[in-house]
Amino acid sequence: MRIDGTTGVVALLGHPVAHSKSPEMMNRAFQEAGLPYIYAAFDVAPEKLGDAVRGLRALGVRGWNVTIPHKVAIMEWLDEVEETARAIGAVNTVVNDNGRLVGYNTDGAGYLHSLRDETGLDITAQRVLLLGAGGAARAVGHALATAGVRHITVANRTKEKAEELAAHLRQWTATDTVGLADLNRVMEETTLLVQTTSVGMHPHVDEIPIDPSCLHDRLIVSDLIYRPKWTRLLQEAKERGARIHFGLGMLLYQAVLAFEHWMGRPAPIALMREVLETSLQGE
Ligand code: ATR
């Protein structure tokens, strides 16, 4: 594709951004779709976020992804925050429509898309154990709750945060909490275990957030961690006959949905998946 004076720009704002997979994935996606855009990552310190947004708006940048630590702070710089993003309390995608900035959150919907696509499971039949109560848990919990899962139990190291998230999710479905020490009690009836904490993430690959002996073969185990692909949790789950849902899916589909918000057309999903898988394999 030719790059010239009409080439449009899409950005990523984060701090840090050096290891992000998005620039490679998005630039390849724009090329594949024949779209005259480039995607560039910007490392923006928290106190510079407002200046950065004013700059992007002035330059007519088509949109941007927002990542750690800006997903909450970005909201005050936007003209509108769409309902789902407001309910989650965070924005990961901004669309600039002729100077009007609208914030979306594609993390939760991206997770759900990936889960449905890759497991084909009946969402409404699930009894969910949600491990963690941070930003990722909020997005995924919201997606599962509004999709109508039967029940959610939230378990988190800091109990107050679990209780706060449970109270929020209760708007949409039956939700309670359990202490990390009492997880075995709820595992028997759990059908979908969703791991949203950083436990087991590279380089701490030997860590596991729950006692593996309570994993069973009626479970789908979903780990949001994508580095490594096979976390210890997923390995132990597989050994016990559980079905597996990898973290790469959410990473992929949140990007697919962001692409569709900016470009108004379907994203080249297969190509984007291939770019991500190849890039993560090389690490
Ligand atoms: P993210 O946006 O990825 O969700 P976050 O908002 O910082 O990141 O949330 C991290 C989650 O991982 C939290 O649920 C955190 O538990 P606390 O609320 O108690 O901090 C959880 N977490 C991180 N390290 C952990 C550890 N060593 N053991 C258990 N939970 C951990």
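**Exercise 1. Locate methionine 1 and name the surface patch it belongs to.**

Methionine 1 sits in the segment that precedes strand S1 (8-14). The model is a predicted one. On the surface, Met1 joins Ile3 and Ile38 in a nonpolar patch. Together these residues have about 280 Å² of accessible area.

**Exercise 2. Give the strand order of the six-stranded open sheet, and explain which strands stand at its edges.**

Step 1. The order is S2-S1-S3-S5-S6-S4, and the pairing is mixed.

Step 2. Strand S2 (37-43) and strand S4 (80-81) each have a single partner strand, so one side of each has no neighbour in the sheet; these are the edge strands.

Step 3. Strands of a sheet can pair in a parallel or an antiparallel sense, through backbone hydrogen bonds. Strand S3 (residues 63-66) and strand S5 (residues 93-97) take the antiparallel sense, over three bridges. In this pairing, asparagine 65 is opposite threonine 93 of S5.

**Exercise 3. Find the salt-bridge partner of aspartate 97 and state what the pair ties together.**

Step 1. The whole structure holds eleven salt bridges.

Step 2. In one of them, aspartate 97 is paired with arginine 62, with 2.9 Å between the closest N and O atoms. The cut-off for such a pair is 4 Å.

Step 3. Aspartate 97 belongs to strand S5, while arginine 62 is in the loop between helix H2 (49-59) and S3, so the salt bridge links parts 35 residues apart in sequence.

**Exercise 4. Describe the backbone at asparagine 98, proline 203 and proline 228.**

Step 1. Most residues other than glycine have a negative phi, and most peptide bonds are trans.

Step 2. Asparagine 98 is not a glycine, yet its phi is positive, about 50°. This residue is in the loop between S5 and strand S6 (100-104).

Step 3. Histidine 202 and proline 203 are joined by a cis peptide bond with omega about 5°. Proline 203 lies in the loop between strand S10 (192-195) and strand S11 (220-223).

Step 4. The bond from arginine 227 to proline 228 is also cis, with omega near 5°. Proline 228 is in the loop between S11 and helix H8 (232-239).

**Exercise 5. Characterise the surroundings of the ligand.**

Step 1. The shell residues include Gly132, Ala136, Asn156, Lys161 and Val199. By class, the shell has three nonpolar, seven polar and two charged residues.

Step 2. Oxygen atoms of the ligand lie 2.6 Å from a polar side-chain atom of asparagine 156, 2.9 Å from a polar side-chain atom of lysine 161, and 2.9 Å from a polar backbone atom of alanine 136.

Step 3. Alone, the ligand exposes 640 Å², of which the protein buries 64%.

Technical notes. Residues are numbered from 1 along each chain as its sequence is written. This is a predicted model: local features need pLDDT of at least 70, side-chain atom pairs count only at pLDDT 80 or more; totals for chains, interfaces and linings use all residues. Side-chain values use heavy atoms; hydrogens and water are left out. A residue is near a molecule or strand if one of its heavy atoms lies within 4 Å of it. A polar contact is a pair of N or O atoms within 3.5 Å; within protein, one must be able to donate a hydrogen and the other to accept it, and residues adjacent in sequence count only if both atoms are side-chain atoms. Accessible areas come from the Shrake-Rupley method with a 1.4 Å probe; for residues, only the protein chains shown count as cover. Ala, Val, Leu, Ile, Met, Phe, Trp, Tyr, Cys and Pro count as nonpolar, Asp, Glu, Lys and Arg as charged, and the others, Gly among them, as polar. Patches are made of residues with over 30% relative accessible area and no salt bridge: like charges are joined within 9 Å, nonpolar side chains (Val, Leu, Ile, Met, Phe, Trp, Tyr) within 5 Å. A salt bridge is a side-chain nitrogen of Lys or Arg within 4 Å of a carboxyl oxygen of Asp or Glu. Helices (H or I, at least four residues) and strands (E, at least two) are DSSP runs, numbered from the N terminus. Two strands pair if DSSP finds at least two bridges between them.
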